[in-house]
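The exercises below concern a ligand and its surroundings, and then a few local features of the chain. Please work through each task before reading its solution.

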Amino acid sequence: MDVTVLHFDTIDSTNTEALKQARLGAEEGLCIVARQQTAGRGRHGRVWVSEKDAGLYFSIVLRPKFDTQYLPLITLMAGVAVHDALSEFGIEADIKWVNDLLVGERKICGILAETTETDRGIAVIVGIGVNLKSSNFPPEISETATSIEEELTAAGNAGNVSGDVLAETLTRYLSYFYVLLDSPEGPAAIVEEWRRRSSYFSGKRVRVVQEGEAVIGTTDGLEQNGALRLRTDDGQMLMVQAGDVERVRPERMEAGG
Ligand code: BTN
């Protein structure tokens with residue numbers, strides 16, 4: 001995949017711009033990168049705090065030609081690509097279904113995939129936000145979020161990773177795994193790559209919230225299209241297509257009682 005990068009100083013949302021460009025006929029591989037977003041979006045209508053130079057704010061236009069049943073695998077593919085890009089900088093992240101990158105259970109990256117119909121067929125926009133610095137985190141997320149700078153400092157590796165260098169590394173991995181996904185054995189290969197990088201694949205106690213309803217169970221692998229299999233405590237097997245997953249900690253056993 002050929003990659004072209006458009007840089008912005010300030011933008012409302014790189015996803016909004018990428019959606020607009022896709023509708024105008026942009027080629028697959030167009031990337032939008034901004035130093036700051038004024039209306040950064042997260043999943044489920046949440047705000048993605050996007051202070052200047054505190055994060056990588058990145059979106060890519062894709063025009064997948066494979067069977068639409070596998071479209072959800074694009075988000076898993078992106079999680080795998082971010083995982084490997086972070087690994088190049090010495091950061092070993094976990095992937096929480098469907099596509100949050102966590103370090104020590106704190107979020108370092110979020111991914112928002114959005115689709116749109118265009119004259120050239122369906123386009124998928126993959127928006128990726130990676131925290132570069134923690135200094136601008138508002139108090140409500142400082143407990144649950146981390147950044148590349150914070151993790152490198154904690155590991156005794158002073159130094160920064162610039163957004164541009166990270167974007168370059170990320171586009172390399174996105175190209176690689178997207179081409180893999182588009183190959184005949186691609187869907188199974190992406191599920192396998194995801195399995196290797198995620199502790200959430202199986203045996204994890206989680207609470208899943210879907211449309212306000214919470215279910216607790218144990219993860220039991222992924223379906224071919226990326227849906228999470230959840231074995232509930234009453235023995236049912238649920239296929240989770242969308243929703244928020246949170247780890248459930250085992251209850252503490254008190255000595256003597
Ligand atoms: C989430 O975890 O809720 C997803 C967050 C996605 C944030 C990125 S930042 C770049 C792109 N532009 C946006 O408005 N959102 C995504």
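**Exercise 1.** Find which element gives the largest share of the shell around the ligand, and state how the residues of the shell divide by type.

*Solution.* The largest share comes from β6, with 4 residues, where strands (E, at least two residues) and helices (H or I, at least four) are DSSP runs numbered from the N terminus. The model is predicted, so local features need pLDDT of at least 70 and side-chain atom pairs count only at pLDDT 80 or more, whereas totals for chains, interfaces and linings use all residues. Residues are numbered from 1 along each chain as its sequence is written, and side-chain values use heavy atoms, with hydrogens and water left out. By type, the shell divides into 6 nonpolar, 10 polar and 4 charged residues; Ala, Val, Leu, Ile, Met, Phe, Trp, Tyr, Cys and Pro count as nonpolar, Asp, Glu, Lys and Arg as charged, and the others, Gly among them, as polar.

**Exercise 2.** Identify the N or O atoms of Thr 14, Arg 41 and Arg 43 that approach the ligand, and state how much of the ligand the protein covers.

*Solution.* Begin with the side chain of Thr 14, where an N or O atom is 3.1 Å from a nitrogen atom of the ligand. Next, turn to the backbone: an N or O atom of Arg 41 lies 2.7 Å from a ligand nitrogen, and one of Arg 43 lies 2.6 Å from a ligand oxygen. Each is a polar contact, a pair of N or O atoms within 3.5 Å. Finally, the protein covers 98% of the 420 Å² of accessible area (Shrake-Rupley method, 1.4 Å probe) that the ligand has on its own.

**Exercise 3.** Describe how the rings of Tyr 173 and Phe 177 are arranged, and where these residues lie.

*Solution.* Rings of Phe, Tyr and Trp (its six-membered ring) pair if their centres lie within 6.5 Å, and planes under 30 degrees apart count as stacked, over 60 as edge-to-face and the rest as tilted. The count by this rule is 2 aromatic pairs. Tyr 173 and Phe 177 form a stacked pair, 6.5 Å centre to centre with 15° between the planes. Both residues lie in helix α5 (residues 163-181), 4 residues apart, about one turn of the helix.

Technical notes. A polar contact is a pair of N or O atoms within 3.5 Å; within protein, one must be able to donate a hydrogen and the other to accept it, and residues adjacent in sequence count only if both atoms are side-chain atoms.
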